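Dear colleague,

Please find below the structure that I am handing over to you. My findings follow it, arranged by topic for a reader who has not seen it before.

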Amino acid sequence: MKDDTATTTELIQNQHQKGNQEMCRATEIVSTVDRVVDMSSPVMSQDELNLIPPLNFAMVDNGIFRSGFPDSANFSFLQTLRLRSIIYLCPEPYSEANNEFLKSNGIKLFQFGIEGYKEPFVNIPQDTIREALKTLLDVRNHPVLIHCKRGKHRTGCLVGCLRKLQRWCLSSIFDEYQRFSAAKARVSDQRFMELFDVSSLKHLPMSFSCLKR
């Protein structure tokens, strides 16, 4: 009986020790998980939370950006780009708030008014796009933001013609255009880019990236 009692006591002690070890291991795991969660949740400053890019914003090349029409909610973000100029592709006058933002930040506005017609009555003026390209290629205007209303068609056409100068293949030019225009892609825009003659602009220097695609 004494042997049985001793054996039972040893079993209870062993189970108790094993239970304590499991609890310690569980505690270590929980502590580790807590530390990981804490590390993966950095606190963002209020300034970072206020940096809202405009609709359809993207970098086109070194010192060249594109977007839809920026409003006051985007001004803090635009300040981080340190823009020298904006190429605006709509015929409507720039808003008072946007003009004030340009003045207070020393940003020059270049306006090339292109009507926002819908298919099939689309007439994209080649001369206007050509003049806008000359402004875009002048590095003295960089960093520069190109925008129209939604950053899809007029902006897409100007960027597409720039890509022709950079000797991108048409399929890559169309892929980029469609990425921003999505379901609103226009055959007429793509036809315009395909037929646009860049020969008169090839003498202009391009000191930024001009990789083929």
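**The sheet and its neighbours**

Strands E1 and E2 pair in the antiparallel sense, over 3 bridges. Within this pairing region, Ala58 stands opposite Arg66 of E2. Please note that the model is a predicted one.

The sheet to which these strands belong is open and is formed by 5 strands, in the order E1-E2-E5-E3-E4, with mixed pairing. Its edge strands are E1 (58-61) and E4, each of which pairs on one side only. On average, neighbouring strands of the sheet are turned by 25° against each other, direction ignored. Helix H6 packs on this sheet, where it touches E1, E2, E3 and E5. The direction of H6 makes about 150° with that of E2.

**The chain as a whole**

The protein chain contains 8 helices and 5 strands. Along the sequence, their pattern is α-α-β-β-α-β-α-β-α-β-α-α-α. The chain has 213 residues, of which 36% count as buried. Of the contacts between residues at least 6 apart in sequence, 68% join residues at least 24 apart.

**Helix H5**

Helix H5 comprises 12 residues, 126-137. At 1.5 Å a residue it should span 16 Å, and its end C-alpha atoms are indeed 16 Å apart, so the expected and computed values agree. The buried residues of H5 are Ile129, Arg130, Ala132, Leu133, Thr135, Leu136 and Leu137. An α-helix has 3.6 residues a turn, so residues three or four places apart point the same way. What covers the buried residues of H5 includes four strands of the model, namely E2 (64-67), E3 (85-88), E4 (108-111) and E5 (144-147). Helices H6 (153-165) and H8 (187-195) are also included in that cover.

**Aromatic residues**

A search of the whole structure finds 7 aromatic pairs. In one of them, the ring centres of Phe69 and Tyr88 are 5.7 Å apart and the planes stand at 80°, so the pair is edge-to-face. This pair links distant parts of the chain: Phe69 lies in the loop between E2 and helix H3 (75-81), while Tyr88 lies in strand E3, 19 residues apart. Phe69 is partly exposed, with a relative accessible area of 26%, whereas Tyr88 is buried, at 2%.

Phe192 and Phe196 form a tilted aromatic pair, with 5.7 Å from centre to centre and 45° between the planes. Both of these residues are buried. In addition, ring pairs link Phe57, Phe65 and Phe77 into a cluster. Arg66, already mentioned as standing opposite Ala58, lies over the face of Phe180, at 3.7 Å from the ring centre.

**His147 and Ala182**

His147 is found in strand E5. Its relative accessibility is 0%, and as buried means under 20%, His147 counts as buried. Leaving aside residues up to four places away in sequence, His147 touches Ser67, Gly68, Phe69, Pro70, Ile86, Ile87, Tyr88, Leu89, Tyr94 and Thr155. Both members of the edge-to-face pair, Phe69 and Tyr88, are thus among the residues that His147 touches.

Ala182 is found in the loop between helix H7 (170-181) and H8. Ala182 is exposed, with a relative accessible area of 51%. Ala182 and Lys152 are 30 residues apart in sequence, and their C-alpha atoms are 8.6 Å apart in space.

**Backbone details**

Most residues other than glycine have a negative phi, and most peptide bonds are trans. Against that background, three places in the backbone may be of interest to you.

- A cis peptide bond joins His142 and Pro143, with omega at about -5°. Pro143 is placed in the loop between H5 and E5.
- Asn56 has a positive phi, near 60°. Asn56 is placed in the loop between helix H2 (46-49) and E1, and at 21% relative accessibility it counts as partly exposed.
- Arg167 also has a positive phi, near 65°. Arg167 lies in the loop between H6 and H7 and is exposed, with a relative accessible area of 57%.

With kind regards

Note on methods: Residues numbered from 1 in each chain as written. Predicted model: local features only at pLDDT ≥ 70, side-chain atom pairs only at ≥ 80, totals over all residues. Heavy atoms only, no water. Helix = DSSP H or I, 4+ residues; strand = E, 2+ residues; numbered from the N terminus. Expected span 1.5 Å × (residues − 1). Buried < 20%, exposed > 50% of the residue type's maximum accessible area, 1.4 Å probe, protein only. Contact = heavy atoms within 4.5 Å. Pairing = 2+ DSSP bridges. Axes fitted to C-alpha atoms, helices over the stretch in contact; angles between N-to-C directions. Phe/Tyr/Trp six-rings, centres within 6.5 Å; stacked < 30°, edge-to-face > 60°. Lys NZ or Arg CZ within 6 Å of the ring centre and 35° of its normal.
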